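Subject: Structure for your files

Hello,

Here is the structure I said I would pass on. Please open it next to this message, as the notes below refer to residues by number.

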Amino acid sequence: MLRVGYPATVLPELLSVLPAEVELVSISDKLDEDVEIDVWIPDPYSTRAMRAWPHLRGVKLVLAMMAGTEWIPGTVGPHVTICNAHGAHNISTAEWTLTAILASLKYFPLYFDIQNSAKWTRRFEADAHYAAITGDRRAVYPPVMQEELTGKTVLLVGYGAIGKEIERMLEPFRVELLRVARTPRTEPEVHPVKELDRLLPKAQVIILIVPSTAETRHLIDAPRLALMQQGTLLVNAARGPVVDTEALVAALEGGKIRAAVDVTDPEPLPPEHPLWHCPNLLLTPHIGGSTPEFSPRALATAAAELCRYMRGEPLRNVVQAAI
Ligand SMILES: NC(=O)c1ccc[n+]([C@@H]2O[C@H](COP(=O)([O-])OP(=O)(O)OC[C@H]3O[C@@H](n4cnc5c(N)ncnc54)[C@H](OP(=O)(O)O)[C@@H]3O)[C@@H](O)[C@H]2O)c1
């Protein structure tokens, strides 16, 4: 019988989605003896999963509960097939992205601060904030208290499962959407990443939703930040290393752009790191995939892949094929 290791942290009632013909083995990060399993569903928290790995024997297939699997190949080596939970994060991460864009353009960080100070008249700080970040210093009446997303040009860097969900959620805002991926295609038009430098200056909002790979490391660096419009909103829902953190800090401190990031480099971000205190930045501590709906969805994705594996059918979400 196929032995499938699952995270001890998962609620037992969620396991009913896995096929009945397998033997389920609870894997905690406090194992003190070796365990023989064929298939491993690692804990979504990579640090816990990495603590368990040295005690696992016989693993041929890893079914990750996450879309981002960058820590797994280096941990398990090349002789194990790895599948990700493609699609399991679409809704939560796309909703985070929309929220981050709207919260930034509606100046919610400033208004939270004003609410905490209980000073209504501080609302006029928004006008100065708008002038400083956009460079638009014309006296607008009534004073600017927030901006609009509708009609803006949005550059979506990464047009995979989550990128497409972000596009679906952006539809009511009638933005002009420019899409970028590795491979160009038509209907809808997707530009190749080599056109990024030409597209960056066109957008007022730039969304990053690509995997963390050698090619995407520092995809956004100092020269590319310099190509952005004054006051562009850069949204990183992908992974911290996709942006050169030092260059981002400099661009924020220089008042060139604003940003909303769910991911940082490094993670966890140390308390003394300058990014925490950058102006015009909305930062959440890597929460984009974590909702109550996530685990059932991720386990259902793993279960479907496991059924294909047991039937000898091709797997759908392979990110590394065993050699
Ligand atoms: N913030 C969070 O909590 C959170 C949650 C979930 C996921 N994520 C991150 O989001 C990433 C994307 O997830 P997904 O499910 O949408 O992945 P996906 O379906 O595999 O799509 C990835 C997209 O990135 C593009 N891409 C890959 N390498 C590229 C490069 N060098 N330059 C330009 N584009 C490139 C791909 O291009 P092609 O279409 O041409 O292949 C594809 O469009 C994950 O890998 C993960 O790191 C973050």
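The notes cover the ligand site, then the aromatic residues.

Please keep in mind that this is a predicted model.

Ligand site

The ligand is surrounded by 28 residues. His86, Tyr159, Ala161, Arg182 and Thr183 are the closest of them. Sorted by class, this shell holds 12 nonpolar, 11 polar and 5 charged residues.

Three side chains place a polar atom by an oxygen atom of the ligand: Thr183 at 2.6 Å, His86 at 2.8 Å and Arg185 at 3.0 Å. On its own the ligand would expose 940 Å², and the protein buries 89% of that area.

Tyr159, listed above among the closest residues, also has a charged neighbour: Lys164 lies over the face of its ring, 5.3 Å from the ring centre.

Aromatic residues

The whole structure contains 3 aromatic pairs. In one of them, Trp40 and Trp71, the ring centres are 6.4 Å apart and the planes meet at 85 degrees; planes over 60 degrees apart count as edge-to-face, so this pair is edge-to-face. Trp40 belongs to strand β4 (residues 39-40), whereas Trp71 is in the loop between β6 (61-63) and α2 (72-76). The pair therefore links distant parts of the chain, with the two positions 31 residues apart in numbering. Trp40 and Trp71 are both buried. Ring pairs join Trp40, Trp71 and also Trp53 into a cluster.

Elsewhere, Arg123 has its charged end over the ring of Phe124, at 5.5 Å from the ring centre.

Regards

Conventions. Residues are numbered from 1 along each chain as its sequence is written. This is a predicted model: local features need pLDDT of at least 70, side-chain atom pairs count only at pLDDT 80 or more; totals for chains, interfaces and linings use all residues. Side-chain values use heavy atoms; hydrogens and water are left out. A residue is near a molecule or strand if one of its heavy atoms lies within 4 Å of it. A polar contact is a pair of N or O atoms within 3.5 Å; within protein, one must be able to donate a hydrogen and the other to accept it, and residues adjacent in sequence count only if both atoms are side-chain atoms. Accessible areas come from the Shrake-Rupley method with a 1.4 Å probe; for residues, only the protein chains shown count as cover. Ala, Val, Leu, Ile, Met, Phe, Trp, Tyr, Cys and Pro count as nonpolar, Asp, Glu, Lys and Arg as charged, and the others, Gly among them, as polar. Rings of Phe, Tyr and Trp (its six-membered ring) pair if their centres lie within 6.5 Å; planes under 30 degrees apart count as stacked, over 60 as edge-to-face and the rest as tilted. Helices (H or I, at least four residues) and strands (E, at least two) are DSSP runs, numbered from the N terminus. Buried means under 20% relative accessible area, exposed over 50%, partly exposed in between (1.4 Å probe, protein chains only). A charge sits over a ring if NZ of Lys or CZ of Arg is within 6 Å of the ring centre and within 35 degrees of the ring normal.
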